[in-house]
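Reader: I am a first-year student and would be grateful for a close look at one part of this protein. Could one helix be taken as the starting point, and the account then be widened to its surroundings?

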Amino acid sequence: MAPARGAESCARNPSCRLLTHILVFVGYLCVGAAVFQMLEGPEEDRVVRELREARDRFFDITQDCISDDELERFIEKVVLAANRGVAATRNVTMSEPNWSFGQALFFASTVLTTIGYGRVTPLSDVGKGFCVIYAVIGIPLTLILFTALVERILIPVKAFLYFLFRKLGHLYKVFHIQLFHLMLVVTTLIIF
């Protein structure tokens, strides 16, 4: 019966609840990043390999003379790869993968926060399907985390408002104190 009391007391404690939400969210992000890396890494390697081969063939051909058809095929390969997030210089020449763990973690966090930053998207059909399922579960999880954060931040914000009421209540109207409080909170949020 003791574990139930511990879980029950954690459910009532905003700090414990917030820490639990943060740990679950970070774990969900890491698992998602690992799955994205596992699903998308081989597909990206294939596209990079094809682009590298096309580039090598292009350079071999240009030593003599290149036909319009060969140039057109090469440009199509580069554009197709670029549309899939593989750059001819960064991914092929410098070998920087789009789906390293760090990049996959960044992508997973942009999916969960609904930012959608960048051109990197899943290349494979399995990765696209996983992305949809990941977002459907993860976006509400993100909203729950934000709710827990706001709940925790409200404690010092309310305490500060009551402090202002005690110190300035005899000088100013309640509305003016609340307006001053709001301006201070908004300014602090903008700074941070």
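Author: Helix 5, which covers residues 101–112, consists of twelve residues. From its first C-alpha to its last it reaches 16 Å, close to the 16 Å expected at 1.5 Å a residue. This description, like everything that follows, refers to a predicted model.

Which residues of helix 5 are buried? They are Ala104, Phe107, Ala108, Thr110, Val111 and Leu112. Helix 5 is followed by Thr114, a residue placed in the loop between helix 5 and helix 6. The phi of Thr114 is near 60°, a positive value in a residue other than glycine. Is Thr114 buried or exposed? Its relative accessibility is 53%, and the cut-off for exposed is over 50%, so Thr114 counts as exposed.

Phe107, one of the buried residues of helix 5, leads to the aromatic residues. Ring pairs link Phe107 into a cluster with Tyr28, Phe36, Trp99, Phe130 and Tyr134. The structure as a whole holds eight aromatic pairs. One of them is formed by Tyr28 and Tyr134, and it is stacked, with 4.6 Å centre to centre and 0° between the planes. Because Tyr28 lies in helix 2 and Tyr134 in helix 6, this pair ties together parts that are 106 residues apart in sequence. Both Tyr28 and Tyr134 are buried. As a general matter, a pair of aromatic rings is described by the distance of the centres and the angle of the planes.

Helix 2, which spans residues 14–62, also contains Ser15. Ser15 has a relative accessible area of 31%, and therefore is partly exposed. The C-alpha atom of Ser15 is separated by 9.1 Å from that of Leu149, although the two residues are 134 residues apart along the chain.

Helix 6, which covers residues 125–168, takes part in another feature, the largest pocket. This pocket has a volume of about 180 Å³. Which residues line the largest pocket? The lining is made by Val150, Ile153, Leu154, Val157, Val185, Thr188, Leu189 and Phe192. Helix 6 and helix 7, the latter covering 174–191, each supply at least two residues of that lining. Helix 6 gives the most, with four residues. By character, the lining divides into seven nonpolar residues, one polar residue and no charged residue.

Cysteines may be considered next. How many disulfides does a search of the whole structure find? The search finds zero. Cys30 has a relative accessible area of 33% and is partly exposed. For Cys131 the relative accessible area is 15%; buried means under 20%, so Cys131 is buried.

Finally, these parts may be set in the whole protein. The protein has seven helices and zero strands, and read along the sequence it follows the pattern α-α-α-α-α-α-α. Of its 192 residues, 24% count as buried. Helix 5, the starting point of this account, contributes Ala104 and Leu112, among others, to the buried residues.

How values were computed
Residues are numbered from 1 along each chain as its sequence is written. This is a predicted model: local features need pLDDT of at least 70, side-chain atom pairs count only at pLDDT 80 or more; totals for chains, interfaces and linings use all residues. Side-chain values use heavy atoms; hydrogens and water are left out. Buried means under 20% relative accessible area, exposed over 50%, partly exposed in between (1.4 Å probe, protein chains only). Rings of Phe, Tyr and Trp (its six-membered ring) pair if their centres lie within 6.5 Å; planes under 30 degrees apart count as stacked, over 60 as edge-to-face and the rest as tilted. The expected span of a helix is 1.5 Å times one less than its number of residues. On a 1 Å grid over the protein atoms alone, a cavity is a set of points where a 1.4 Å probe fits but cannot get out, and a pocket is an open set with protein on both sides within 12 Å along at least five of seven lines; lining residues have an atom within 4 Å of a point. Grid points are joined across faces, edges and corners, and a volume is the space filled by probe spheres set on the points. Ala, Val, Leu, Ile, Met, Phe, Trp, Tyr, Cys and Pro count as nonpolar, Asp, Glu, Lys and Arg as charged, and the others, Gly among them, as polar. A disulfide is a pair of cysteine sulfur atoms within 2.5 Å.
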